[in-house]
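Please look over the structure shown here, and use the report below it as a companion while reading the pocket and one residue of interest.

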Amino acid sequence: MAVSRQRRRDIIDALRSGTVPRRGLDLLAVGMERFQAAVDEELTTVRTTGAVLKAVRGEYGSGKTFFARWLQERAKRQGFAVSEVQVSETETPLHRLETVYRRLMERLSTADRDEGAFRSIVDAWFFALEEDLLASGEFSPKDSHLLLERTNELMEKRLTSITARAPAFAAALRGYRRALAANDRAIADALLAWVAGQPNVGTAAKRAAGIQGPLDHFGALSFLQGLLVLLRDAGFTGLVVALDEVETLQRVRGDVREKGLNALRQLIDEVYGGRFPGLYLLITGTPAFFDGPQGIQRLPPLAQRLHIDFGSDARFDNPRAVQIRLRNFDQAGLIEVGKKVRRLFAEGSDCEERILAKADDAYLELLARAMIGTLGGKVGLAPRLFLKKLVGDILDRIEQFPDFDPRQHYSLTVSAAEMTSVEREAASVDDIELNV
């Protein structure tokens with residue numbers, strides 16, 4: 001499969017900085033094939049106006065964020081809009097659903113647009129309305145005044161279903177349309193920001209649409225309903241929302257944790273209750289979050305909804321279950337993804353043969369074993385640093401310096417400053433150097 005220069009660069013740049021790429025994950029995926037059929041079935045369920053909840057568990061380094069982004073990419077290719085929300089104690093606390101909704105809207109993306117896609121979705125919706133009218137053949141597209149009038153009438157009909165679910169959402173869209181017709185871009189922008197959950201919107205804009213106040217916790221769920229209707233009418237298949245790092249709830253103050261768990265239970269109940277047709281909700285967490293005393297076990301109704309009996313042999317895990325588990329990388333998997341990255345890097349370089357020769361399979365195995373040893377033998381923690389070192393310390397240098405030989409000129413050094421707290425705990429040292 002041909003890979004564009006931009007796509008290749010985005011992937012390599014992300015790995016060089018030690019982060020999970022936002023796209024192109026199919027080029028790096030190892031072990032995702034066992035989930036592929038089930039994920040596609042679930043996306044089909046959502047496409048037919050159903051809703052799906054999926055919980056993904058895995059230790060640090062098992063690839064939870066990778067899985068979430070791999071699923072999002074797959075959904076985009078099937079016409080979904082997607083959004084990823086990183087749950088955090090300070091910036092995105094789970095018990096404040098209005099904040100979760102705001103982050104969701106900020107990170108909303110489609111196959112054609114990365115993040116901030118809400119405006120393009122709204123404009124696509126209005127364009128679809130105009131196209132429906134023009135297809136009737138009742139009047140000429142040159143009659144802009146009549147087209148606007150009829151579009152407004154059709155908009156009101158289409159908004160009926162949204163009004164029933166989220167009247168303020170619909171009122172703001174009406175105001176947005178009027179502001180655009182009046183060429184008042186400031187009011188239009190402000191109203192769109194308000195619909196997207198932004199708190200600091202001027203009173204003049206809200207007055208123009210007949211709305212007031214900021215979005216609250218309960219209004220956020222209604223606005224999510226409105227967004228799903230809007231997406232469907234604009235021609236999108238549905239919406240995938242990934243709530244990543246939900247396990248941070250374990251580290252917050254007790255009362256905040258209880259509120260967060262209750263908010264998660266409420267959201268899950270609404271999905272099961274049919275309130276959000278067209279939504280695929282994905283949550284990720286560690287085994288401790290799902291099974292430990294500071295996680296969902298503190299709220300029995302939530303634990304019951306997500307409970308799965310995992311057998312001792314992960315080969316027979318059911319990928320269709322509401323909760324699935326990811327296996328940690330083993331050494332073979334680590335080397336396999338290293339080969340994929342090396343190939344991707346080499347194909348975009350003018351010195352492909354030199355890269356493949358100097359960073360050959362034997363060297364990748366040597367580097368993988370050294371990194372695993374650096375992290376106390378915990379293979380599951382190795383992928384991030386392994387790929388960061390492979391790209392930034394080795395492949396970059398082979399490409400730039402013809403006489404660079406990693407076997408002679410490179411020693412693997414991992415500083416505490418570049419490690420996460422989990423990685424530092426595994427290494428239990430400030431600085432490790434291994435000759436590879």
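The report that follows turns from model confidence to the largest pocket and then to one arginine.

The model is predicted, and its chain has a mean pLDDT of 89, with 97% of the residues reaching 70 or more. Over residues 429–434, however, the pLDDT is below 50, although this stretch has 20 contacts in the model beyond near neighbours in sequence.

The largest pocket holds about 1,300 Å³ of space, and its lining is made up of 48 residues, among which G61, S62, G63, K64 and T65 lie nearest the centre. Helices α2 (33–47), α3 (64–77), α14 (331–347), α17 (383–400) and α19 (421–427) are the elements that each give two or more residues to this lining, and the largest share, four residues, comes from α3. The composition of the lining by residue class is set out below.

| Class in the lining of the largest pocket | Count |
|---|---|
| Nonpolar | 18 residues |
| Polar | 16 residues |
| Charged | 14 residues |

Helix α3, which provides four residues of the pocket lining, also contains R74. Is R74 buried or exposed in the model? R74 is buried, because its relative accessible area of 15% falls under the 20% cut-off. Leaving aside residues up to four places away in sequence, R74 touches Q36, V39 and D40, and these three positions fall within the range of α2 (33–47), so that R74 of α3 is in contact with residues of that helix.

Definitions and conventions: Residues numbered from 1 in each chain as written. Predicted model: local features only at pLDDT ≥ 70, side-chain atom pairs only at ≥ 80, totals over all residues. Heavy atoms only, no water. 1 Å grid on protein atoms, 1.4 Å probe; cavity = no way out; pocket = protein on both sides within 12 Å on 5 of 7 lines; lining within 4 Å. Points joined across faces, edges and corners; volume = space filled by probe spheres on them. Nonpolar A, V, L, I, M, F, W, Y, C, P; charged D, E, K, R; others polar. Buried < 20%, exposed > 50% of the residue type's maximum accessible area, 1.4 Å probe, protein only. Contact = heavy atoms within 4.5 Å. pLDDT = per-residue confidence, 0-100.
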